[in-house]
Amino acid sequence: MTDVRLSPEVAARLEEALGRSYSPYSGFAVAAAVVTGSGRVFAAPNIENASFGLTVCAERNAIFQAVAAGERDILRLYLLTPTRELHTPCGACRQVMAEFMPPEAEVLCLSREASQRFTVGMLLPAAFSR
Ligand code: THU
């Protein structure tokens, strides 16, 4: 993890979520954690389904957990893949980020060997919104 600082709490929550990934079809585990304006952390993994299209990415699971807990003010999202290369959020998750995170909110992508900082606005410029 090169240029992203990670608190011990967020690091632990990401690893815990990664261990709970349900990804028997792709074999690709992903974890995401969001930090809200009130300082709460919500972490979740990807959860797949035999009906492939019903799979939900880690990012959306983490965001929806926060929103379901009444926390709509999401300031930062961490995405962890246990790979060498970095991965960035899929298009569907970018649209969901744009719903609950301001354009300047941070998206920190982490792999085992690299990290990169983005903002929501960088990942989804000219977003469709209400
Ligand atoms: N996945 C995520 O959890 N986040 C992304 O941004 C991209 C993909 C998951 C979905 C599926 O379980 C697996 O990775 C392979 O696509």
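1. A58 meets the ligand through its backbone: one of its N or O atoms lies 3.0 Å from a ligand oxygen atom. Taken alone, the ligand exposes 380 Å², and the protein buries 77% of that. Accessible areas come from the Shrake-Rupley method with a 1.4 Å probe; for residues, only the protein chains shown count as cover.

2. This is a predicted model: local features need pLDDT of at least 70, side-chain atom pairs count only at pLDDT 80 or more, and totals for chains, interfaces and linings use all residues. Residues are numbered from 1 along each chain as its sequence is written, and side-chain values use heavy atoms, without hydrogens and water.

3. Two side chains also face ligand oxygen atoms. For E48, a side-chain N or O atom is 2.4 Å from one. For N46, a polar side-chain atom lies 2.9 Å from one.

4. The ligand is surrounded by S26, F28, V30, N46, E48, T55, C57, A58, E59, P89 and C90. This shell divides into six nonpolar, three polar and two charged residues.

5. Now the interior. The largest nonpolar core (buried Ala, Val, Leu, Ile, Met, Phe, Trp, Tyr and Cys residues joined through side-chain atoms within 4.5 Å; buried means under 20% relative accessible area, 1.4 Å probe, protein chains only) has 22 residues. V34, I63, L77, M97, M101 and V107 touch the most other members. Helix 2 gives the largest share, four residues.

6. V34 touches R40, V41, F42, A62, I63, A66, I74, R76 and L77, leaving aside residues up to four places away in sequence. Contact means heavy atoms within 4.5 Å. A second, separate core of 15 residues includes V4, V35, Y78 and L108.

Technical notes:
Near = heavy atom within 4 Å. Polar contact = N/O pair within 3.5 Å; in protein donor to acceptor, adjacent residues only side chain to side chain. Nonpolar A, V, L, I, M, F, W, Y, C, P; charged D, E, K, R; others polar. Buried < 20%, exposed > 50% of the residue type's maximum accessible area, 1.4 Å probe, protein only. Helix = DSSP H or I, 4+ residues; strand = E, 2+ residues; numbered from the N terminus.
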